[in-house]
Amino acid sequence: NGKLELGKLKLSLWGQVRVEVGGLFLSDSDGSKIVSVTDAYFHIPFISILSGSPVLTFKMKKPALSVIKNKSGKLNVMALIKPAAPAPKATPSATGAEPKPAELAIPGIVARSRLGIELSNAVLGYKDEVSGLSTRVDDLNVVLKDISLSRPTQIEISANLDTKMGEKGKEIFTVKGPMHIIGKAEAKVTGGHIEGGTLSLKTDLDSIMIEAAGGMFVKKPGIPFNSELAMAATKLEIKIDKFNAKFLNAELNAKATIANFDDVKPNPMINFNMTSNDIDIKPWVNLIPLLKSFDLGGVIHMEATAKGPADKLDYTAKLKADALTAKAPMLKSQPRIDALVNIITDKVDSIKASVKAPGNELEISGKVVSFTKPYVEFDVSSPGMDLDQLVDWPPPRAKAVVKTSADGKTAGSEGTPPVAAKADFDAMLAPLRENKIAQAASALVNINIKMLKAYNVKMTDIISKVSLRDLTASVDQFNMKLWGGAVKATASAQLAPKVPVYKFNAKVDSLDAGQAVASQFTLFKNTLKGKVFLDMSGDGSSFNPDAVISNLKAKGSMKVQRPSFTTIDVGKAATEALNKAMEKVGEKIPQAKGKNLGVPAGREQRYEVVSSDFSISGGRFSSPNLVAKAAPNEGIDFKGNTEVGMKDFSIKARWEIVDTYNITRARDLSVEQSGIKVNHILAEGNQPVKLPINVGCTLLAPCYTYTEVPEYLAKVALGNVTGAVKGAAEARVKDELKKRAESLIQKAPPATQKKLEDLKKKFFK
């Protein structure tokens, strides 16, 4: 399907038959040249013809070959070949079996003939318009000497490679340098029939340079990169007696036999063995510059076998890693890793790995059954993992400085890092949902870690079972001891939906919040000390952080025994509210002006219990019935409703503070009105002082507002003073009447004094 153009032909018969071609051009149907050469000839010496062993040699100088794979994935050279006509259907034999093709006998003169091909200074170009791969081979020299059925054929190929992948100036893969291939092929002919042959090849790429991904991988000239192959073939089998490949310090040796070709419907029998030397990985940092700082060490060894019919092949593989070590900027020491992986026909029979470092020891074992419908099982165990000894944790980021306006609202923040592009974790699960093998996969992971310590947080007796089935990941069991308490949880997540959904249950029993604060655990820092009890269950959707907060729905209850507040100083808040309220009280009762309470020194507020039900919805934590009962003479009671924003930690609370034990000394305040001393002016009757307070801003920097306190206390104080004055006046009148009654009784006749005395007692009860 192409066009062939031949230039001027010149014939010479001087001692040989020589035909010179003054140009050869082969173009495809679009007119693009695929092969072009201006200097080519072939010749046959007369003496070779007379001897009965003709020798034909074809030579081309500086030929150019251009191969292009277009965007539809087709090669231009393949478009030159016309579609073959369908072969006539063979007539079945009387037995019903398909007849074997007839063997072609080779004439003796053909068997003795020799062909030679020589290409010198050829240029081969290849371009893949789909992947962007561009390859250019300069100075390609090919010598095929004595291509014959009766003599060994000598093979020699050399070239300068120049291969690039990617846009110009942005190549992601480059190969440059000389390559050299030498070999020998020999056919075995018996009775005019080809019975088999042998082939040996040596490839030398030691002098080439390979660079990938902008210098992430660099093979410099001089680094060993070569191979050697020796194989033989007959009608019955192909046998690879030797295959040896070397790259840097790695060496692979393989042997193989492929037999059983004589059947009409062959099912080849395969026998394959491969092994490597013990590969020291330390020198490999010279190939991957990024690894130089890691100071890699250790040895890797590989083995593989395959045996049996092609349609039911049994195979094994073993990968062993001994004393792997690596140094990293965040590691204080070099952990040692030992691993062994055994693969046996359609399963990973065993995986064993251990990691050891000062203060750290981890053992992993497992297996994978079936590669088409995998069942994965792993056991992870450790007597102790002190990551603080192993990892040099980065310092915490500078906290944002929260600005608060006069009305208590958050105005903005300083020191907030720039917002990075947000990853879509839900979309990352799409390949997992679309993968048939993943859909059929199941897994079970058993975890038993006696101790795990990180960021000064020590967790002990970690026991967990994690499973996967039908793209549903489940934490079937999770137990852990933390800060003197116990944590239990179960959870599951359905990964099949486009937006994953999950549910969970958690229980915390007797966790010491004081230890949590000491270890700088964010959840409890700047909130409470005490024994924490928590029950919670919930569900949600999406793994994207913002969506997690928005979609999470949960409910539960919490109780803290013997807690004490740290930064939320209820006593200070109550005192500030009282002092501000006294100005309003002074407007109603002038004698109360100037009476202020001293702000108590930052004493901890101790409580017997703090408890509440709670719920999470729409990104807000709500505690509608928070109750804090103070320990006798050690704190101030409060109760009320609290809401916290889970994204910005904003707090919105309405509390009633009850100074049961007179911590603020507010109950001691008194005034004199109309010569009468009025005690406990801020308390209603025998009750303690109470204050309605609103809390705003953020959980870590709360703001208190007392707008309702002055009006409330002024009303209480005015009522107390008015009642006291009224009561005093009534007492004076009653006392005067009592004195006059006693005078009248004394002046009355004796006979009536007894009756008058009884009347006085009834009246002045």
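The following exchange between a student and a tutor goes through the reasons behind some labels used for this predicted model.

Student: How many helices and strands are there in the protein?

Tutor: The protein has eleven helices and 43 strands. Of its 765 residues, 32% count as buried.

Student: Why is serine 622 called buried?

Tutor: Buried means under 20% relative accessible area. Serine 622 has 17%, so it is buried. The residue is found in strand β37, residues 620-630. Leaving aside neighbours within four places in sequence, serine 622 is in contact with Asp613, Phe614, Ser615, Thr642 and Glu643.

Student: What makes leucine 13 exposed?

Tutor: Exposed means over 50% relative accessible area. Leucine 13 is at 53%, so it counts as exposed. Leucine 13 lies in the loop between β2 (9-12) and β3 (16-21). Together with Leu11, Phe46 and Ile49, Leu13 forms a nonpolar patch on the surface, and the accessible area of the patch is about 380 Å².

Student: How do you know that cysteine 697 and cysteine 703 form a disulfide?

Tutor: The rule asks for a pair of cysteine sulfur atoms within 2.5 Å. The sulfur atoms of cysteine 697 and cysteine 703 are 1.8 Å apart, so the pair is a disulfide. By this rule the count comes to one disulfide. The angle about the S-S bond is -95°, and the link is left-handed.

Student: Are these cysteines buried or exposed?

Tutor: The cut-off for buried is under 20%. Cysteine 697 is at 7% relative accessibility, so it counts as buried. Cysteine 703 is at 18%, so it also counts as buried.

Student: What makes lysine 242 and glutamate 228 a salt bridge?

Tutor: A side-chain nitrogen of Lys or Arg has to be within 4 Å of a carboxyl oxygen of Asp or Glu. For lysine 242 and glutamate 228 the closest N and O atoms are 3.4 Å apart, so the pair meets the rule. Lysine 242 lies in strand β17 (residues 237-247) and glutamate 228 in strand β16 (residues 225-234), so the pair ties together parts that are 14 residues apart in sequence. The structure holds 16 salt bridges.

Student: Why is lysine 242 called partly exposed?

Tutor: Partly exposed is the range between under 20% and over 50%. Lysine 242 has a relative accessible area of 38%, so it falls in that range. Glutamate 228, at 26%, counts as partly exposed too.

Student: How do you know that aspartate 388 and lysine 453 form a salt bridge?

Tutor: Their N to O distance is 3.1 Å and the limit is 4 Å, so the pair qualifies. Aspartate 388 lies in helix α3 (residues 387-390) and lysine 453 in strand β29 (residues 442-454), so the pair ties together parts that are 65 residues apart in sequence. Aspartate 388 is buried at 14%, and lysine 453 counts as buried at 19%. Asp386, Asp388 and Lys453 are linked in a network of salt bridges.

Student: Which residues touch the most other members of the largest nonpolar core?

Tutor: They are Leu682, Leu691, Ile693 and Val709, in a core of 44 residues. Helix α9 (residues 570-588) provides the largest share of this core, five residues. Apart from it lies another core of 21 residues, among them Val37, Leu119, Met179 and Leu205.

Student: Why is proline 710 called buried?

Tutor: Proline 710 has a relative accessible area of 17% and the cut-off is under 20%, so it is buried. Proline 710 lies in helix α10, residues 709-747.

Note on methods:
Residues are numbered from 1 along each chain as its sequence is written. This is a predicted model: local features need pLDDT of at least 70, side-chain atom pairs count only at pLDDT 80 or more; totals for chains, interfaces and linings use all residues. Side-chain values use heavy atoms; hydrogens and water are left out. Helices (H or I, at least four residues) and strands (E, at least two) are DSSP runs, numbered from the N terminus. Buried means under 20% relative accessible area, exposed over 50%, partly exposed in between (1.4 Å probe, protein chains only). Contact means heavy atoms within 4.5 Å. Patches are made of residues with over 30% relative accessible area and no salt bridge: like charges are joined within 9 Å, nonpolar side chains (Val, Leu, Ile, Met, Phe, Trp, Tyr) within 5 Å. Accessible areas come from the Shrake-Rupley method with a 1.4 Å probe; for residues, only the protein chains shown count as cover. A nonpolar core is a set of buried Ala, Val, Leu, Ile, Met, Phe, Trp, Tyr and Cys residues joined through side-chain atoms within 4.5 Å.
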